[in-house]
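I opened a fresh page to keep track of what I looked up in this structure. Pockets come before backbone oddities in these notes.

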Amino acid sequence: MAAFGSVFMPQMALTQFDNNTWSDSTIVDSQSIQLHPGAHVLHYSSTCFEGLKAFKHDDGSIHVFRMDQNVDRFDQSSKLLHLPDIQKDQVSHMILDILANYKDQIPEPPGSMYIRPTHIGTEPAIGKAASPSLSSMLYVLISPVGDYFAGGAKPLRILLDETGMRCAPHMGMIKSGGNYASALGPILAAKEQVQADQILFCPNGDVQETGAANFLLIDGNEIITKALDSSFLHGITRSSILQIAEDMGMTVSERELTVQELLERAAKPGVEAALSGTAAVLTTVGTLIHNGKEYKVGTGEPGPTTQKLRQTLNHIQWGKIADKHNWLTQVG
Ligand SMILES: *Cc1c(COP(=O)(O)O)cnc(C)c1O
């Protein structure tokens, strides 16, 4: 099986912003785009993206999960990066159009079609380090993906980092390549030094998120995660899991969680911790590493609540239980 996100459909949907207008979107060869080597994105990182999925149901119909939320966040990222404002309806149509062309290539669950809308500044102007790109390109690339856990879901080892930051705080809500570049060095160092899979960034002791996923702590009937603020990425899996938890009668606590409270609670039997994101849905955190010491979370193994939350979300996506919050958009 190919690595996640390394297989692409040969075509994608594309629109370009020039002279203050978006072109009609077209379906083009995925390898057909041309960029000037002086393009703004290549020098000043005027780039943002989204990640969402389409699922095949038993009757063969195709459904995109929470497309409106992803398009809203794409709009927000574009605005915060001072890229041209996107046309949300156009982007939604581009997603549905390109999926309609590849309906027969969408894997059966637990696989799916991963959708990667991308928006980049294209103006060839290396003198514009401190001004926005006046032209841009927006495309929707799609990639069939298998079961994220095909190799078995191993609980993660997570380093708690109270001094570093994933990205500059005013960039936290932007889904942008620059933020990943910012987190890469620390993550590689944590892998090498303490064999951590990820860093959980906890600036000044405030448990925030990892490089690409939100963090959730489950203690009995309570699920705890950081309340939304502008310093971190507002995951759509996070909000979906919180809604499902509430539907299941759990207490949802969106509030500050300190490293100290996390370590105290993690030691209690029955406590579970997980990372949430579109690619893997929910991944169990088995071990926390802090100041050279290791702390198991509960048993260190996947717990029943994490599994139930993940399964409920998957079953909504796969059409096995009712979509009572209208999270699915059917591809025509
Ligand atoms: C994409 C992303 C997430 C997860 O968001 P989802 O909408 O759940 O996929 C969390 N943190 C960061 C930094 C991200 O880029």
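**Entry 1: the largest pocket**

I sorted the lining of the largest pocket by class and got 17 nonpolar, 15 polar and seven charged residues. A reminder to myself: this is a predicted model. For the space inside the largest pocket, I noted about 860 Å³.

Next I asked which residues lie nearest the centre of the largest pocket. Out of 39 lining residues, they are Tyr 148, Ala 212, Ala 213, Gly 277 and Ala 279. I then went through the elements that each supply at least two residues of this lining. On the strand side I found E7 (112-121), E8 (136-145), E14 (272-277) and E15 (281-290). On the helix side I found H4 (177-194) and H5 (236-247).

**Entry 2: the second largest pocket**

The second largest pocket came out at about 230 Å³. I listed 19 lining residues for it, with Pro 110, Asp 147, Val 281, Asn 314 and Trp 318 closest to its centre. By class, I have nine nonpolar, seven polar and three charged residues in this lining.

Which element gives the most to the lining of the second largest pocket? My answer is H7, with five residues. Helix H7 spans 304-317, and strand E5 (52-56) also supplies at least two residues of that lining.

**Entry 3: two pocket residues with notable backbones**

I went back to Pro 110, one of the residues closest to the centre of the second largest pocket. The peptide bond that joins Pro 109 to Pro 110 is cis, and I noted an omega near 10°. Pro 110 sits in the loop between helix H3 (88-101) and E7.

Val 281 was my other stop from that list. Its phi is near 65°, which is positive although the residue is not a glycine. I placed Val 281 in strand E15. Is Val 281 buried or exposed? With a relative accessibility of 7%, Val 281 counts as buried, because the cut-off for buried is under 20%.

**Entry 4: other positive phi values, and H2**

I found Gln 195, another non-glycine, with a positive phi of about 55°. Gln 195 lies in the loop between H4 and strand E10 (198-201). His 82, just after H2, also has a positive phi, about 60°.

That took me to helix H2 itself, which covers residues 67-80. Its 14 residues reach 20 Å from first C-alpha to last, close to the 20 Å expected. I wrote down its buried residues: Met 67, Asn 70, Val 71, Arg 73, Phe 74, Asp 75, Ser 77 and Ser 78.

Key:
Residues numbered from 1 in each chain as written. Predicted model: local features only at pLDDT ≥ 70, side-chain atom pairs only at ≥ 80, totals over all residues. Heavy atoms only, no water. 1 Å grid on protein atoms, 1.4 Å probe; cavity = no way out; pocket = protein on both sides within 12 Å on 5 of 7 lines; lining within 4 Å. Points joined across faces, edges and corners; volume = space filled by probe spheres on them. Helix = DSSP H or I, 4+ residues; strand = E, 2+ residues; numbered from the N terminus. Nonpolar A, V, L, I, M, F, W, Y, C, P; charged D, E, K, R; others polar. Expected span 1.5 Å × (residues − 1). Buried < 20%, exposed > 50% of the residue type's maximum accessible area, 1.4 Å probe, protein only.
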